[in-house]
Structure formats: structure tokens, C-alpha cells
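User: Please take a close look at the helix packing in this model. I would also like to hear about the loops and cavities that go with it.

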Amino acid sequence: MKKIIWIFVVVLAVAGAGPVTSQAQVVDPELQQLLDTLAPEETVKVLVQFSERIDLKTFQRQSRGQVKGQLRRALITALKDQSAKSRKGVMAFLKGKAIQVAPLWITNGLAVTASKAVIEALAAQPGIDSIRLDGQILTSDAAAYSSAYTGAPEWNLDAIGAPQLWNLGHTGSGRVVALMDTGVDANHDDLAPRWRGGSNSWFDPNGEHATPYDGDGHGTRTLGVMVGGDATGTAIGVAPGARWIAVKMFNDAGAAAYSVIHLGFQWLLDPDGDATTDDAPDVVNNSWGYGQQANTCFTEFQPDIQVLKAADIAVVFAAGNGGPYPSTSESPANYPESFAVGAIDDTGTVHASSSRGPSVCDGTVYPEVVAPGVGVKTTDLTFGGVFPSESIYVSGTSIAAPQVAAAMILLRDAFPQAHVDALEAALKTTAMDLGAAGPDNDSGYGLIDLMQSYQVLEQTLPVCTDADGDGYFSQAECGPVPDCNDNDPSIHPGAPEVKHDAIDQDCNGFDLTIDILGAVYTASSGQLNVAATSDLGKDAALELAGHGPMSWSRKKAVWSISVGNLAVDPGSVTVRGVEGDTTLATTVDTGSSGGGNGGGGKGKNK
């Protein structure tokens, strides 16, 4: 079998002037050891990461409130703009040299496939901070194993109190759960009708399957206990009213490269690639981990998870199957930002294989909570739909974690204004204590109790009014930005603006009046010229997304900017200011005149 070499390159562009990083400091020792064995032309896979980072605290809110489109839009836009700016010089260097380059804007990096010679030359480029190997995680590290069981199939649902919330009308309707796993067998009668569907609901970063597929079964089994119905003969899913989307992070050979996992997290933040639409999930379940290095804090994916949490997406991880020994926490479950789940049986006993704490990353209790994880009935592979209601009993923390992820969906259904921090706190503080009094490193805070969590949230969260039913509240304490008109569902934070109508549809305090007069890309010189106007004149504070502030001409009453050395036509440009933003397709000038402010037209409202 041909050996695949995975390399992780991290490029850090330090803001402002600073010392130049030497090549020896850039190349990680493990990578250097590999490079020393390769010929100059041998190809390696790498990731590139830039040092500039978005201050996520800018986008963090209080633990109460509902994060909707506006906050996520701002976060995604900031991340993408920063990435475009940071990678500009490196992309120019890699043009014609690299086999493949993929932006990882969620962490301000790149995934690159190039020769040893190119990697070594890349390490010498200004602004690069580090280059490291891109390893992989195997499905064997995420296994939920089959088991026989003679108890009631739905014992796990009763154990956490899911039916009690169903009886109150909360089944997860209108909410979305995401899966990062081996894929999904969408032929199953319990899963097919619950897929959100469309191009923004399935992602295979390995490029092997354009539609939902699972050749392993692990992902299908974890999803069943989240959203499954009763096609198998009994109710199996904690949130049967929810919809699902999925990332098939493991390829058909059972491996997931770090670069692929980064792409998966990135997709979850913006599944359709359009920051103006909020199609991210409420929670993502991760029944996988870096089990090869138990009791190690491997921070490779911590920046991704920090971004998802800033976007109010809960991130649940299986604690791992490294027990019964203490200090067997594994990454990424042991990150402070992750919510780790251990497994118990139907007697309330922590299963022997369930990993124990404390967390090696920060010394806190590990796992956070436990859930049923022994002899749990769930969906299984249908073999192409031949057995559309196939079921299986499985055990392991892989099957316990998705029940907690789905529990968060039920609570978010009941309290849409609840921030993820409030959901996590409610689950921990109301959990049924197991063993000695207080949280411990076997069962965490204990077995989750959904009804108790519901009651705590009901008593502690503010009363929020949404008179027009648009999903935004009139009270400031219920969201990042209050609805400025709670009597009109077309007016709310993040709503599409109608230009020049004197109405502030998106509640940002301004009507949108920005018009792009022209955006011309001159192919011969690689120069882009953009001109725009606004009713606010010099107070509009216009900038070209990804390139910075535009210049104001008082005489012409026009904002303009000229950007040089662009390798390719960007296709479109976005101009933003205090009012919002507008996008216009570029006009390509194939001559050598240097372009101008032609190509007029109205931009697309965003």
C-alpha cells in the first residue's frame, strides 16, 4: 500500500512589526525528522495556520440570551475576512507550487499539499510561525461495541427523563443536531425522515460520498439515540422531533486526518457557505477522541471548539473507553470548552471502560456528567435499505454522549433563549449524584436529569417576549441584540435589508444605502478597483471586505480603493460599513489600461 504522509503546517502572521521567526523555529521537530528522510520532490500534506486570531470575547454573550443570525454572521464574517487577509502573501507564494490548498478560516489557516522543497521554502517566508505534522485519528478510537441486553429497550430514555419533556411538548422540533462521525445510513426508517436535507446538511471532506453514507455503522448508531423514532418497535431517540446534519469525518478506510476534522468543524459553523444565513446546528456530538494518547492534553482542535462555543453551538464529546483506571481523560473531550460524557449501566454503576479524570488539560472533574451507555438500543446499518428498521444494542461512552447532546436539544426546544453555558450548567447542577457526595472523577456531577434541568432553567431564565414570532425577543437580556420592532416579523436582528426604503430591517440603527458603483479587475496587472457611495457620506466608514478601509473623496462624494497583485479575479466584492454590507460581481478588464470605476450596478443586499 502506498504510504500517505500527512503534514500539518501552521502559518502565524503576527500583527504589527516583530522579530522574524527563523526556519528552525518554524518547522516542528517531528516534521523536520520526516522531512530529513524525504527527497525534495516527494509530496506531503500540510496545514497552514496564521498567528492573528479573532478575539472571541468580542462575540461572547452572557449565559442568558439567544444567539441568532446576527452574532454568527458577524463572527463568521470576521473569521473569513481575517483569513483572506492573512493568507494573501502565502497564497501568492504557493501559486503554481502547491498541488492543493484549502483555507481553514475557522482557525485562520490553510491545508496544503506540496513537495518537501516547497514546504521548506514556505517555512522561510515572512510571518510563518510553525509547521507541524498532520496526523490522523482512527475509528477504533471511537468504537461503541455491541452487547446483549435483556432489560427494557427504552430504559435509557426513562433514566434521563426524556419522556417527561415530551409530555410537555418538547421533542426537539425546529432544532438541529449535528454528527461528526463515520457517516449516516439514511436508508433507515428512523433516520431518513429526520434529515434536514439539501446541500447544507451533509459534508464529506474526504470527497467519497455526495449523499449520506455509513459503511462502518458507528455514526448510524450514535445518531439513532439522538433523533430516532419508534420504527424499530420502541422509542429509541432522546429528541425524535429534531433534524440532523452530519460530517463524515472518517474516510471509508476508517481514518480522519486532522486537516479533515478542521474542515468538518469549519463546515458546521457555516454549512451553506453564506454567512448571512444561519444554518448552523444547536449542538454537535463527537463520539471520537485521541485515544492513542490518554491522559494527554492534545490541543489540536481546541481553537475550532472555542469558535463553535462562541457561536453558541454546544460541543459534546464521549469521555472515552479507557477506564477503569484514573487519569484516562482524552482529547478533545478533556478541553475546558468540551462537554465530556461518561457511561453507566441500568443500575447506575459507572461502566468499567468509561474513562476517568481528572482532566489533564485543566485539572477539573472529568467527565462532566454520565448517561446510559450499556446495552442501549439504537439504529443499525440497513445494508442498502434491505433491513430499513434494523436495530442493535451497543455500549460505550460513544452511545452515552449523543444522549446528552440530544438532551441539550430538548432543553433548547423548551428554552430557545438559553445560551449553551446555561444548558451545560443546568445539566451539571441538577444531575443525580452517584457515589460519594459531590462531583468526582468517575461520574462527574452524576446522571443527567432532564426534568430537574428544565425546572431550573424555568426558574432562572428571564421571561422573554416574541410577539411577532420571528425568533427574536424584545427584551435586551434575552439576546445579543433586542428586536427593534416586535410587531413586525420582517424586522429583526439579521433580517435582510431593503435599500433606500428608510426602514431599518436588521435593527442595526441604519437603513442600508450603500451602492457599489463599480468593481473592475484588470487581468493583465492583477489590479482591482472598487468605488462605492452611501447616503451617510464620509460617516459611512466603508471598507472592502478582506482588504481594509476605503478612501473617502469629499469632492467626488465617493469611496474608493485599489488593490494590486491579485492572482485571480475574486468574482465578487463586498463593501461594508456601519449600515451593513452589499455585494457586487466584478467586471473583468482583459486589456492593460489598469481598470477604473466602471462596471456599475446595484449590489446584492446582505
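Analyst: What follows starts with one helix and its two partners, then moves to another helix pair, the loops and a cavity. The model is predicted.

Start with α10, residues 397-414. Two packed helices are described by the angle between their axes and the distance between the axes. For α10 and α7 (residues 218-227), the angle is about 40° and the axes lie 8 Å apart. The pair is therefore oblique. The crossing of α7 over α10 is right-handed. On the α7 side, the contact uses His218, Arg221, Thr222, Val225 and Met226. On the α10 side, Ser398, Ile399, Pro402, Gln403, Ala405 and Ala406 take part. By class, the contact of α7 with α10 holds six nonpolar residues, four polar ones and one charged one.

Now follow α10 to its other partner, α12, which spans residues 450-460. Here the axes come within 11 Å and cross at roughly 35°. This crossing is right-handed too: α10 passes α12 in that sense. From α10 come Ala407, Leu410, Leu411 and Ala414. From α12 come Leu450, Ser453, Tyr454 and Leu457. Seven residues of this contact are nonpolar and one is polar. No charged residue takes part in the contact of α10 with α12.

Next, a separate pair. Helix α8 covers residues 258-269, and helix α9 covers residues 302-310. They pack at an angle of about 10°, with 10 Å between their axes. Angles under 35 degrees count as roughly parallel, and α8 and α9 are therefore roughly parallel to each other. His262, Phe265 and Leu269 are the α8 residues in the contact. They meet Asp304, Ile305, Val307 and Leu308 of α9. This contact has five nonpolar residues, one polar and one charged.

Now the loops. Most residues other than glycine have a negative phi, and most peptide bonds are trans. Set against that background, three sites deserve a check. The peptide bond from Gly357 to Pro358 is cis, with omega near 5°. Pro358 sits in the loop that joins β14 (339-344) to β15 (369-372). The bond from Tyr366 to Pro367 is cis as well, and its omega is near 0°. Pro367 is also in the loop between β14 and β15. The third site is His500, a residue other than glycine whose phi is positive, near 60°. His500 lies in the loop between α12 and β18 (515-522).

Last, the cavities. A search of the whole structure turns up two cavities of 30 Å³ or more. The second largest has a volume of about 30 Å³. Its lining includes Tyr366, the residue that precedes Pro367 across a cis bond. Ala333, Asn334, Tyr335 and Pro336 also line this cavity. So do Ser359, Asp362, Thr364, Val365 and Glu368. By class, the lining of the second largest cavity has five nonpolar, three polar and two charged residues.

Conventions
Residues numbered from 1 in each chain as written. Predicted model: local features only at pLDDT ≥ 70, side-chain atom pairs only at ≥ 80, totals over all residues. Heavy atoms only, no water. Axes fitted to C-alpha atoms, helices over the stretch in contact; angles between N-to-C directions. Helix = DSSP H or I, 4+ residues; strand = E, 2+ residues; numbered from the N terminus. Parallel < 35°, antiparallel > 145°, perpendicular 65-115°, else oblique. Left-handed = near helix turned anticlockwise from the far one by under 90°. Contact = heavy atoms within 4.5 Å. Nonpolar A, V, L, I, M, F, W, Y, C, P; charged D, E, K, R; others polar. 1 Å grid on protein atoms, 1.4 Å probe; cavity = no way out; pocket = protein on both sides within 12 Å on 5 of 7 lines; lining within 4 Å. Points joined across faces, edges and corners; volume = space filled by probe spheres on them.
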